[in-house]
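Subject: Handover of a structural model

Dear colleague,

Please find below the structure that I am handing over to you. My notes on it follow directly after.

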Amino acid sequence: MSNTVKVALAGEGGQGVQSVAGILVEAANDEGREALYIPNFGVEQRGGVSVAFCQISDERIGSPKFKFADLVIALSDRAVRRTKQYVDENTVFIYDSSVEGVEDDMPQKVKKILAIPALDIAKKELHPRVFNVIVMGAAIAVTKIVDIKQAKSALEKKLGYKFKQDPKLRELNFKALEKGVELVEGKV
Amino acid sequence: MSEKPIEGEKRVFMTGNEVVAWAALAAEADIMYGYPITPQNEVMHYWTRLAPKYGRSFLQTEDEISAGFTTCGGVLSGKRAFTATAGPGNILMQESMTMAEMMRIPTVLVVQQRGGPSTATVIYSQQEVTMTCFGGNGEGLRIVYSTCSHQELYDYTIKAFNVAWKYRFPVFVLGDGYQAKMRESLKMYDPATKGIKMVETQPSLGLAGVPGVDREPSHLRNTYNTEEELCEVVTNLVEEYNKVVPEVVEYETFETEDAEIVLLGHGIVTRAAQAAVKTLREQGIKVGHFRPITIHPFAADELRAICKQAKKLIVIESAQGQFERIVKEAIYGESVPMESYFKPGQGITGEEIVEYVKKGL
């Protein structure tokens with residue numbers, strides 16, 4: 001169980017956590033590593049908190065869900081409340097700095113808590129649509145599960161058909177990825 | 001049209017439902033009958049996308065009662081037919097599956113367990129064990145594989161068709177919502193490259209020639225008039241089933257040779273149990289793990305042997321004792337103490353098993 005990196009990404013339905021989780025594990029798999037990803041899913045068609053559980057390892061992965069993550073990223077107030085159960089003294093807990101009213105909901109036993117202005121940067125400097133890609137960059141920078149080059153080629157694989165129509169989208173996504181890395185580098 | 005869906009062997013990364021659809025294609029399944037229910041839906045979705053490319057068929061029925069019976073009908077016409085379902089759908093398929101038991105119809109049913117009772121959750125459980133093994137008004141004359149990974153979903157879906165057609169008992173692949181929805185890697189292959197030959201199918205109805213003149217009439221019955229007649233028929237069925245048992249029963253053990261504590265778990269829970277054994281052994285604790293692959297029939301003799309030397313068994317499952325009942329029946333009379341770790345409808349991690357075992361030392 002030791003060399004497995006465990007990540008829980010959580011947000012509101014539509015924030016794109018499942019998409020980036022999918023791209024992240026795809027990137028790890030393409031590197032020849034073992035990856036396991038399971039979305040949580042309920043009976044609702046839309047809305048609600050959406051959690052993606054990802055594990056990446058050099059060996060076969062055990063149970064699909066885990067008790068505590070190495071990294072939790074929560075993108076809404078409800079996501080913070082829902083995912084703090086996956087946090088212990090070895091967990092880096094990241095939330096978006098736009099989330100309000102969660103001061104009393106922060107995990108107590110935690111390795112590090114970090115607020116990042118991903119949503120703000122997406123809106124002001126890039127585009128709201130690449131909010132989740134900034135989050136993906138942050139996740140990669142904290143966990144080092146794949147390198148940036150691999151992450152870019154996974155984005156290319158997933159969104160290549162859109163990039164072809166509008167090459168500016170490629171630049172936008174890659175910038176968002178790098179921005180996400182910048183936001184956490186040296187801070188955890 | 002009829003090129004092979006998979007040439008040689010290749011590593012892929014996909015959901016378990018997609019794996020089942022590919023495995024059925026590779027196993028030369030002719031047709032799937034189905035009705036949607038979460039978390040099984042994508043078996044159907046992928047099958048409907050893939051099947052036309054390889055000349056295979058699909059029929060969406062009006063409900064699971066019909067999906068089960070049309071699967072029986074497809075098999076009787078000589079087609080390698082299958083269906084897939086979960087939860088309440090599994091309940092509705094029990095009637096047709098008992099007909100398959102009675103008439104020796106080699107159906108294949110993939111079950112992706114969800115929470116129960118009733119609608120409950122669409123996520124995960126191991127609460128369809130009793131129903132999948134013993135559901136229906138009958139004696140449970142069926143073979144149930146409890147898989148733990150995408151590799152096994154692939155391997156055992158292919159195997160299910162062959163075991164069904166070889167022995168003519170209904171075969172079930174018992175997965176769960178986690179296996180259905182998660183993505184992980186596996187190796188898909190053309191069965192022929194592994195020396196696996198698909199058992200030939202034959203029609204039971206509509207045969208050429210005049211019945212009673214050119215050939216024996218095919219007399220398929222599930223209705224009997226007298227108690228004596230039925231008792232004789234069922235006794236013979238049970239006898240034939242029991243003959244098959246030693247040939248199909250499968251299990252795995254992990255470090256049980258000198259184990260004082262033996263963890264019992266099936267399906268995806270085996271992954272947590274295996275991880276727990278590894279961690280606990282590193283700490284010098286003599287723990288082993290026994291895992292049935294065919295949860296029914298069950299490797300009773302092999303588990304009995306383990307009971308002789310173990311000091312404690314711990315039954316671990318995402319249900320309230322459905323697996324434990326099978327275990328208890330299998331080792332009736334053994335004196336080894338038994339504990340249980342039940343989480344009905346919830347996943348179990350290696351970490352929590354480690355914690356539980358250490359608390360009991």
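I begin with chain B of this predicted model. Helix H6 (residues 150-167) of chain B lies across three strands, namely E5, E6 (143-146) and E7 (171-176) of chain B. Relative to E7(B), the helix runs at about 160°.

Two of these strands, E5 and E7, stand next to each other in an open sheet of chain B, whose 7 strands follow the order E3-E2-E4-E5-E7-E6-E12. The pairing in this sheet is mixed. Its edges are formed by strand E3 (57-60) and strand E12 (294-296) of chain B, each of which pairs on one side only. On average, neighbouring strands of the sheet are turned by 25° against each other, direction ignored. Within the sheet, strand E4 (residues 81-85) and strand E5 (residues 108-113) of chain B are parallel and share 4 bridges. In that pairing, B:Leu109 of E5(B) has B:Thr83 opposite to it.

Several backbone features of chain B deserve a separate note. As background, most residues other than glycine have a negative phi, and most peptide bonds are trans. The exceptions that I would point out are these:

- B:Thr38 and B:Pro39 are joined by a cis peptide bond, with omega at about 5°. B:Pro39 belongs to the loop between strand E2 (31-34) and helix H2 (41-50) of chain B.
- B:His296 and B:Pro297 are likewise joined by a cis peptide bond, with omega at about 0°. B:Pro297 is placed in the loop between E12 and helix H10 (300-309) of chain B.
- B:Glu28 is not a glycine, yet its phi is positive, near 65°. This residue sits in the loop between helix H1 (16-26) and E2 of chain B. B:Glu28 has 18 other C-beta atoms within 10 Å, so it is partly exposed.
- B:Ala120 also has a positive phi in a residue other than glycine, here near 45°. The loop between E5 and helix H5 (129-134) of chain B holds this residue. B:Ala120 counts as partly exposed because it has 16 C-beta neighbours inside 10 Å.

I turn now to chain A. This chain has 6 helices and 6 strands, and along the sequence they follow the pattern β-α-β-β-β-α-β-β-α-α-α-α. The radius of gyration of chain A is 15 Å, close to the 16 Å given by the globule rule for 188 residues, so the chain is as compact as a globular protein of that length. Along the principal axes, the C-alpha atoms of chain A fill a box of roughly 45 × 40 × 40 Å. Of its 188 residues, 46% count as buried. Among the contacts in chain A between residues at least 6 apart in sequence, 61% join residues at least 24 apart.

Which strand of chain A has 5 of its 5 residues buried? It is strand E5 (residues 92-96), which is therefore largely enclosed by the rest of the structure. In a regular strand the side chains alternate between the two faces of the sheet. In E5(A), A:Val92, A:Ile94 and A:Asp96 point one way, while A:Phe93 and A:Tyr95 point the other way, and all are buried.

E5(A) has parallel partners in E4(A) and in E6(A). Strand E4 (residues 71-74) of chain A is joined to E5(A) by 4 bridges, and A:Val72 is found opposite A:Phe93 there. Strand E6 (residues 112-116) of chain A pairs with E5(A) over 5 bridges, and in this case A:Asp96 has A:Ile116 as its bridge partner. Together with helix H2 (residues 77-83) of chain A, E4(A) and E5(A) make a right-handed β-α-β unit.

The loop between E5 and E6 of chain A contains A:Glu100. This residue has 7 C-beta neighbours inside 10 Å and therefore counts as exposed. A:Glu100 and A:Ser76 are 24 residues apart along the chain, with their C-alpha atoms separated by 8.4 Å.

Finally, I come to the contact of the two chains. Chain A contributes 19 residues and chain B 21 residues. On the side of chain A that touches chain B, helix H1 (17-30) and strand E2 (34-39) are the elements that give two or more residues. The largest share there, 6 residues, comes from E2(A). By type, the residues on this side of chain A are 12 nonpolar, 3 polar and 4 charged.

With kind regards

Note on methods:
Residues are numbered from 1 along each chain as its sequence is written. Chains are lettered from A and ligands numbered from 1 in the order in which they are written. This is a predicted model: local features need pLDDT of at least 70, side-chain atom pairs count only at pLDDT 80 or more; totals for chains, interfaces and linings use all residues. A residue is buried if 20 or more other C-beta atoms lie within 10 Å of its own, exposed if 12 or fewer, and partly exposed in between; C-beta atoms are placed from the backbone. Two strands pair if DSSP finds at least two bridges between them. A crossover is right-handed if, with the strands pointing away from the viewer, the path from the first strand over the helix to the second runs clockwise. The radius of gyration is taken over C-alpha atoms; the globule rule is 2.2 Å times the number of residues to the power 0.38. Two residues are in contact if their C-beta atoms, placed from the backbone, lie within 7 Å. Ala, Val, Leu, Ile, Met, Phe, Trp, Tyr, Cys and Pro count as nonpolar, Asp, Glu, Lys and Arg as charged, and the others, Gly among them, as polar. Axes are lines fitted to C-alpha atoms, for helices over the stretch in contact, and angles run from 0 to 180 degrees between N-to-C directions.
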